[in-house]
Amino acid sequence: MFCGKVFGLVVLATGVVSAPAKRQAPSGVPDYVLKYAPVVYLHGQDPYFPSDLNTHLSHITPKVNFNGVSAPNPLGLNNLDQLGGDVYLTSNDDVTTNPAWIKGVRPDSNGKTEGTTAVVIVNDKGNGNVDAFYMYFYTYNWGGEVLGLRSLNFGNHVGDWEHTMVRFSNGQPQYVWYSQHANGQAFKYSTTEKHTDNLRPIAYSANGSHANYAIDGTHDHTIPNFNLPGGVLEDKTAKNIFWDPLLSSLFYRFDAPSNSFTAYDGKSPVNWLNFMGHWGDQEYPTSDKRQVKIFGQAKFSSGPTGPRDKQLGRNNVCPDNGKVCILRSILVPRNAEVDAQLFADDVVQR
Ligand SMILES: *[C@@H]1O[C@H](CO)[C@@H](O)[C@H](O)[C@H]1NC(C)=O
């Protein structure tokens, strides 16, 4: 009896230690896509955590030019593509009142968020060339403040899709892409900072904007088509809150020739990936009292389009956006000056 008790305790103890908080990845997902999946550190002052897709959909109304359109009811991941590409999934609440649902889900002590807050999309191009996209969803993006001034807060929006991408060759990770606003940064896999397992690259999610960086600290942040001098608008990252997106992901294959998706488990909804519209409110007009527009920059901008719009069939590690694609060999703080610089072991894709 005594032995039994001890044995029971041991079983309980090992059970606790080894019980994985993992949502089981479906069979068929390549092992290396899981093994080298980036982990994310969220900023401790960021009130806007990753969000469950279904929760998001239960608090929005599909609108075009601020008018409701006919839509399936209830709206879900199974029927979202019945909506047109001109649709904005518009918040039912005034987001300036900070309703609880826009703050998403705080990861637990294992880094797990309840619900589906991420998606893994694998593009197998053949001959051992595989791009794995790790897509992160947040309901709200806080755009930051120019010169740290509250009155110069731009680029807030409902709906925020960010991603990292790992490019594999024969199961070996080669390069990692970090999305940042309209562009991002690429690094050699060997250059990236790793998780405690020495395998998974770390992505730092910036306070509010959720742009992904390879290091913690302060990063110059540019607004597309708005040439701000370096340093006036900054993204801040910090190793504060651990998030393991794999624990709340759905897993899909992307077939580039047919531009189509399939779920690895054969049952996760696929339909929503074909929705071409926007995941948040349309940019408010200046007649809306929440809106402020200075130098053409809006305090509230339109929500983004979804994962299929991230160039899943890209050739280079970077999406094709007219900029040189530097595959960096050293981790440097992001500022405008260093960003334009090339280092000896960097690879450049044009
Ligand atoms: C983080 O973002 C919040 C707004 O969402 C802001 O109030 C806070 O000052 C930011 N923290 C830093 C360090 O920038």
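His210 is buried, because 27 other C-beta atoms lie within 10 Å and 20 or more is the mark for burial. His210 sits in the loop between E10 and E11. Its phi is near 60°, a positive value in a residue other than glycine. The model that shows this is predicted.

**The chain as a whole**

The secondary structure comes to four helices and 20 strands. The chain has 350 residues, and 39% of them count as buried. A compact globule with 350 residues would have a radius of gyration near 20 Å; the chain has 21 Å, so the two agree. Along the principal axes, the C-alpha atoms fill a box of roughly 75 × 55 × 45 Å. Take the contacts between residues at least 6 apart in sequence: 68% of them join residues at least 24 apart.

**The sheet beside His210**

E10 and E11, the strands on either side of the His210 loop, belong to an open sheet of four strands. The order is E11-E10-E1-E14, and the pairing is mixed. Strand E11 (212-213) and strand E14 (241-243) stand at the edges. Each has a single partner strand, so one side of each is left without a neighbour in the sheet. Strand E1 (residues 39-42) pairs with E10 in the parallel sense, over four bridges. Within this pair, Tyr41 stands opposite Tyr204 in E10.

**A second sheet**

Which strands make up the open sheet of three, and in what order? The order is E3-E2-E4, with antiparallel pairing. Strand E3 (67-68) and strand E4 (88-91) are the edge strands, and each pairs on one side only. Strand E2 (residues 60-64) is joined to E4 by four bridges, and these two run antiparallel. E2 also pairs with E3 in the antiparallel sense, over two bridges.

Lys63 can be followed to both partners. In E4 its bridge partner is Tyr88, and in E3 it stands opposite Gly68. Thr61 has Thr90 as its bridge partner in E4. The hairpin of E2 and E3 has two residues between the strands. In that hairpin, Asn65 takes a positive phi near 50°.

Just ahead of this sheet, Ser58 is found in the loop between helix H3 (53-57) and E2. Ser58 counts as partly exposed because it has 13 C-beta neighbours inside 10 Å. Its C-alpha atom is separated from that of Ser287 by 27 Å; the two residues are 229 apart along the chain.

**Loops and backbone features**

The loop between E3 and E4 holds Pro74. A cis peptide bond joins Asn73 and Pro74, with omega of about 0°.

Asn98 lies further on, in the loop between E4 and strand E5 (118-126). Asn98 has a positive phi of about 50° although it is not a glycine.

Asp197 is in the loop between strand E9 (183-188) and strand E10 (202-205). Asp197 and Phe66 are 131 residues apart in sequence. From C-alpha to C-alpha, they are 48 Å apart in space.

The table gives the surroundings of four loop residues.

| Residue | Other C-beta atoms within 10 Å | Class |
|---|---|---|
| His210 | 27 C-beta atoms | buried |
| Ser58 | 13 C-beta atoms | partly exposed |
| Asn98 | 12 C-beta atoms | exposed |
| Asp197 | 9 C-beta atoms | exposed |

Why does Asn98 count as exposed? It has 12 other C-beta atoms within 10 Å, and 12 or fewer is the mark for exposed residues.

**The nonpolar core**

How many residues does the largest nonpolar core have? It has 67. The residues with the most contacts inside it are Ile121, Ala132, Met135, Trp177, Ala186 and Tyr252. Strand E6 (residues 129-141) gives the most to this core, with nine residues.

Tyr252 shows who meets whom. Neighbours within four places in sequence are left aside here. Tyr252 is then in contact with Val119, Ile121, Phe261, Thr262, Ala263, Tyr264 and Leu273.

**Around the ligand**

Which residues are around the ligand? They are Gln45, Asp46, Pro47, Trp142, Asn207, Gly208 and Lys236. By class, this shell has two nonpolar, three polar and two charged residues.

Definitions and conventions: Residues numbered from 1 in each chain as written. Predicted model: local features only at pLDDT ≥ 70, side-chain atom pairs only at ≥ 80, totals over all residues. Pairing = 2+ DSSP bridges. Near = placed C-beta within 6 Å. Nonpolar A, V, L, I, M, F, W, Y, C, P; charged D, E, K, R; others polar. Core = buried A, V, L, I, M, F, W, Y, C linked by C-beta atoms within 7 Å. Contact = placed C-beta atoms within 7 Å. Rg over C-alpha atoms; globule rule 2.2 N^0.38 Å.
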